[in-house]
Amino acid sequence: MTERFIPPHPPRSAGPVPVWRGFVGERARTAVYGWSERAFELPYFGRKVFGYNVHIPLTPDAVQRVLLDNAANYVKPDIVKTLLDPTIGRGLLSSDGQLWRDQRKIVAANFAPAAIDALIPVFARTARNASEAWRAADRLDMAEAATATTMRIIADALFAGDPRLATDAAMAHIAAALEGVSEARLQALLGLPLFPWSRRGRRALRGRTYLRQTLTEVVKDRLPDGGPDDFLGRLIRALYDKFESAEALALAVDNAATFYLAGHETTANTITWTLFLLSEQPDLQTQAADEARAALAAGADDPALPDRLPLLRRIVEESMRLYPPVPRFDRQAVAADQLGEALVSPGDIVSIWPWLLHRHRKLWDDPDAFDADRFAPGRERHRFQYIPFGGGPRVCVGSRFATAEALTVLAHWLARWSFAPEPGREVRPSGMVTLRPAGGLPLRLTARP
Ligand code: HEM
């Protein structure tokens, strides 16, 4: 029996939080900040935000209706498209209808189980290279280390190791671009042009410009035939087969940006939160490290490696429950619908909140406490109460990639190093699009004997 451990979450008020609070102070920077206790108990609540009706369904059945049973009625909201357009255009994540279907079909094969198995050596090599530079008793920002590692992996796995895509400058620009979304969100809701008013907004604009320029160069260097038979090459060829050349080029850059961004920041956050949770629970960390050592001894580059890490897998799943890397995502209703008691009108926004569902009192026992055994074999739950990767036809196309990657990287790091918290340092979740520890995650490292 392990000790009960409640990792930190933002404070919760007793009564409802007014809508305007969502646009000032910490709540404007951190999606998971400023929720009331009630939000973790109710089956549903609705609010009006700048003229939009926003529905927040909190029963798995209602979430299933939005994401699966009536998925055709729920598209990516116009406002989300406006916000994301300058960065990822009309790529897979931000398109709908036939354009989405065509793109999903084009990329799907790259994420089939056999394709992910073939990437285990890439994940393993990158994890080893990163940790070889670490020194005992180092105080290392593991959020930064995880981001640099997953960025290297995405560059190697999808873009033939293009050196332009795994640099410190790119890392800083991406962080700035993501931070800028919180500011742009208010402007987009108010229907204002996305003008960068503040220093943060201008940094975000520079970040986006850098990314788009770099990825346009990377794609153009592959023309006319797409170059090597890798993800980018296959993407370019398939798009040029299907669309006329100006559109194919635009979609190739949009998808390069989509996969580059969606494909590494989220996984980095998963690795970071898992290390945080293990740094606070040394006995569990030792068990995970022992499991990792045994698994690596049986074949460090072996496609079966993730299957030999059942404890670590449960810990990663619990980590994504407590700190979902994507804490919310949205849809917009095309036609009228009903979600439980709530009537949805055309144009209404439906917000899906893993952050609330994953800690909901009606769905989980002791929801704020860490308990990896929730994910032990035989434990049942509704498949739409735990949705770190979303669900239905638009479920994360990279979920298998991300899980195998996080397990492989963590196994290599835990086998060699033990991670301890910095005394007195508070960890606080932050971020509007993805959830990361505010100010990084400095941990103290000791080599395992
Ligand atoms: C732990 C890591 C990850 C998490 C938690 C995560 C989460 C999500 C979520 C919640 C969605 C659905 C959003 C919605 O329905 O509106 C999504 C979609 C997507 N993800 Fe991930 N993701 C992760 C890793 C990855 C990786 C590694 C890749 C690519 C290599 C990737 C690429 C995408 C793409 C392209 C979509 C859009 C799919 C579509 O609309 O058809 N993600 N992800």
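## Surface and overall form

Accessible areas are those given by the Shrake-Rupley method with a 1.4 Å probe. On that basis the protein chain of this predicted model has an accessible surface of about 19100 Å², and 55% of that surface belongs to carbon and sulfur atoms. Of the 449 residues in the protein chain, 55% count as buried.

The protein chain contains 16 helices and 12 strands. Its radius of gyration is 21 Å, close to the 22 Å that the globule rule gives for 449 residues, and the protein chain is therefore as compact as a globular protein of that length. Taken along the principal axes, the box filled by the C-alpha atoms of the protein chain is roughly 60 × 60 × 45 Å.

## Contacts and charges

When contacts in the protein chain are restricted to residues at least 6 apart in sequence, 73% of them join residues at least 24 apart. As for charge, the protein chain carries 56 positive and 52 negative charges, and the mean positions of these two sets are 4 Å apart.

## The five-stranded sheet

An open sheet is formed by 5 strands in the order 1-2-8-5-3, with mixed pairing. Strand 1 (44-49) and strand 3 (74-75) stand at the edges of this sheet, and because each has a single partner strand, one side of each is left without a neighbour in the sheet. In general, the strands of a sheet pair through backbone hydrogen bonds, in either a parallel or an antiparallel sense.

Strand 5 (residues 329-333) pairs with strand 3 in the antiparallel sense over 2 bridges. Seen from strand 3, tyrosine 74 has alanine 333 of strand 5 as its bridge partner, while valine 75 has glutamine 332 of strand 5. Strand 5 also runs antiparallel to strand 8 (residues 349-352), to which 4 bridges join it; here glutamine 332 stands opposite isoleucine 349 of strand 8.

## Burial of strand 5

With 5 of its 5 residues buried, strand 5 is largely enclosed by the rest of the structure. In a regular strand the side chains alternate between the two faces of the sheet. For strand 5, Phe329, Arg331 and Ala333 point one way, whereas Asp330 and Gln332 point the other way, and all of these residues are buried.

## Two loop positions

Alanine 336 is found in the loop between strand 5 and strand 6 (337-339). With a relative accessible area of 57%, alanine 336 is exposed, since the cut-off for that class is over 50%. Leaving aside neighbours within four places in sequence, alanine 336 is in contact with Asn73, Val344, Ser345 and Pro346. The last of these, proline 346, is 10 residues from alanine 336 along the chain, and the C-alpha atoms of the two are separated by 5.1 Å.

Glycine 398 lies in another part of the chain, in the loop between helix 15 (354-357) and helix 16 (399-416). Its relative accessibility is 15%, and glycine 398 therefore counts as buried, the cut-off for which is under 20%. Although glycine 398 and alanine 262 are 136 residues apart in sequence, their C-alpha atoms are 8.7 Å apart in space.

Methods: Residues are numbered from 1 along each chain as its sequence is written. This is a predicted model: local features need pLDDT of at least 70, side-chain atom pairs count only at pLDDT 80 or more; totals for chains, interfaces and linings use all residues. Side-chain values use heavy atoms; hydrogens and water are left out. The radius of gyration is taken over C-alpha atoms; the globule rule is 2.2 Å times the number of residues to the power 0.38. Buried means under 20% relative accessible area, exposed over 50%, partly exposed in between (1.4 Å probe, protein chains only). Contact means heavy atoms within 4.5 Å. Lys and Arg count as positive and Asp and Glu as negative; His and the chain ends are not counted. The place of a charge is taken as NZ of Lys, CZ of Arg, CG of Asp or CD of Glu. Two strands pair if DSSP finds at least two bridges between them.
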